Amino acid sequence: MPNLAWYSHEVCYWHDPGQGSGYLPVGPGIEPLRQFAVDPDLRRAEGLVRMAGVLDHYAQVTPEPAGDDDLLLVHTREHVDRVEAASALGAGDAGVYAHVNHHSAHAARVAVGACVQATEAVLDGRHDRAYCLVRPPGHHAEPDRAMALCLYNNVAIAARAAQRRGVRRVLVLDWDVHHGNGIQRAFYADPDVLYVSIHQEGLFPPASGLVTETGEGAGAGRTLNVPLPAGSGHEAYLAALTRLVEPAARAFGPELILVAAGLDAGGHDPMGRMMCTSRTFHAMTARMCALADELTGGRIVLAHEGGYSAWYQPTLVLAVASALAGLPEPPDPFLHSLEHLPGQRLRPHQNRVLAHLEAHHPLLA
């Protein structure tokens with residue numbers, strides 16, 4: 001049984017992007033409504049993991065907030081000051097669709113702190129694997145601006161913190177349904193970070209995450225975008241792992257694996273149009289743990305990103321937590337509504353994306 005750590009903090013559940021609809025605040029045509037991106041849903045997810053007995057397999061760690069020395073590994077001073085000032089006002093937009101409340105700046109520092117401290121603990125050998133159940137998410141946050149619910153780039157900062165510790169090569173896998181433009185921008189010219197994003201084609205941000213975006217300068221060939229067509233399900237995601245992620249990782253030779261483990265590719269999520277189930281996320285997590293055992297001495301850290309289905313997100317978190325602990329797939333009362341749909345099978349138009357990348361990406365061709 002691997003030595004596991006679970007990082008979470010109550011303040012992450014106090015961050016709230018406010019009243020509105022989706023990612024937009026109250027305004028013309030938008031009446032007050034409970035945001036679907038609020039964080040009591042994460043508290044419910046942690047409660048389900050605890051109730052199922054899976055959390056008993058983890059050492060539970062309360063992270064410390066990140067200091068400026070961590071944040072400035074990726075972000076500009078002006079960006080950090082902007083987040084702090086907007087949160088100090090009690091409400092506002094810290095960037096582009098990145099609304100905050102009084103607790104948001106503190107929660108964002110704790111989210112970064114969790115990912116950095118989990119990474120350092122894994123590198124130090126105190127744990128083999130770690131999961132960070134944190135909010136706000138991070139993968140859209142760019143060095144100089146917050147974006148789309150993301151204030152600081154949790155996983156990018158964790159990767160830089162690993163480099164600070166002397167790690168030479170880091171694999172960052174991002175399976176959030178949206179493209180992680182912020183992570184890509186942070187490492188686009190870095191030869192020592194391989195960024196792989198499996199996301200829904202053309203969803204958000206617009207014109208981001210194309211197959212032609214493969215890195216620049218010294219980082220050429222160190223970005224691998226897998227933009228799957230809307231409606232992709234279990235077989236397409238597993239094929240992307242086995243045919244693209246795993247061979248690219250072996251060619252790259254990472255010393256650490258970080259996963260931006262968004263859950264909004266789930267089939268019930270309002271922010272995406274994908275078909276993944278708890279079986280999908282359990283299988284992807286298990287495969288990445290096996291890859292870590294093969295390549296990095298088992299060192300792997302997963303950080304929660306997107307996930308906006310109030311009823312399905314807890315089940316998906318449980319599936320990831322179970323796989324990380326080496327446990328079998330947990331019960332999923334919602335599985336029957338998704339798993340037998342035709343979209344769960346690999347379709348020819350989905351396969352064309354995988355085949356193109358196998359033939360043309362610098363790490364795979």
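Leu 149 is buried, at 9% relative accessibility. In this predicted model, Leu 149 sits in the loop between β9 and α5. Although Leu 149 is not a glycine, its phi is positive, at about 75 degrees.

A positive phi also occurs at Ala 207, another residue other than glycine, where the value is near 55 degrees. Ala 207 belongs to the loop between β11 and β12. With a relative accessible area of 67%, Ala 207 is exposed.

**Cis peptide bonds**

The loop between β11 (193-200) and β12 (223-228) also holds Pro 205. The peptide bond that leads from Phe 204 into Pro 205 is cis, and its omega is near -10 degrees. A cis peptide bond is likewise found between Arg 135 and Pro 136, with omega about 0 degrees. Pro 136 is placed in the loop between β8 and β9 (146-147).

**Salt bridges**

Over the whole structure, the search gives 21 salt bridges. Three of them are set out below, with the distance between N and O atoms.

| Salt bridge | N to O distance |
|---|---|
| Arg 165 with Asp 124 | 2.6 Å |
| Arg 287 with Glu 246 | 2.7 Å |
| Glu 246 with Arg 250 | 3.9 Å |

What does the salt bridge between Arg 165 and Asp 124 tie together? Arg 165 is in the loop between α5 (154-164) and β10 (170-174), while Asp 124 is in the loop between α4 (104-123) and β8 (129-132), so the pair links parts that lie 41 residues apart in sequence. Arg 165 is partly exposed, with 43% relative accessibility. Asp 124 is partly exposed as well, its relative accessible area being 42%.

Glu 246 takes part in a salt bridge with Arg 250 and in another with Arg 287. Glu 246 itself is buried, at 7% relative accessibility. Arg 287 belongs to helix α8 (residues 278-295) and Glu 246 to helix α7, so their salt bridge ties together parts 41 residues apart in sequence. The pair of Glu 246 and Arg 250, by contrast, lies within helix α7 (residues 234-252), where the two residues are four apart, about one turn of the helix. Both arginine partners are partly exposed: Arg 250 has a relative accessibility of 42%, and Arg 287 has one of 34%.

Salt bridges with shared partners also build a network, made up of Asp 70, Glu 120, Asp 124, Arg 126, Arg 164 and Arg 165. The bridge between Arg 165 and Asp 124, with its closest N and O atoms 2.6 Å apart, therefore has both of its residues in this network.

**Cysteines**

How many disulfides does the structure contain? The count is zero. Cys 12 is in no disulfide, and the nearest cysteine sulfur, which belongs to Cys 115, is 9.0 Å away. A disulfide requires the two sulfur atoms to be within 2.5 Å, so the 9.0 Å from Cys 12 to Cys 115 does not qualify. Cys 12 is buried, with 0% relative accessibility.

Cys 276 is in no disulfide either; for this residue the nearest cysteine sulfur is that of Cys 289, at 17 Å. Cys 276 is also buried, and its relative accessible area is 0%.

How values were computed. Residues numbered from 1 in each chain as written. Predicted model: local features only at pLDDT ≥ 70, side-chain atom pairs only at ≥ 80, totals over all residues. Heavy atoms only, no water. Salt bridge = Lys/Arg side-chain N within 4 Å of Asp/Glu carboxyl O. Buried < 20%, exposed > 50% of the residue type's maximum accessible area, 1.4 Å probe, protein only.
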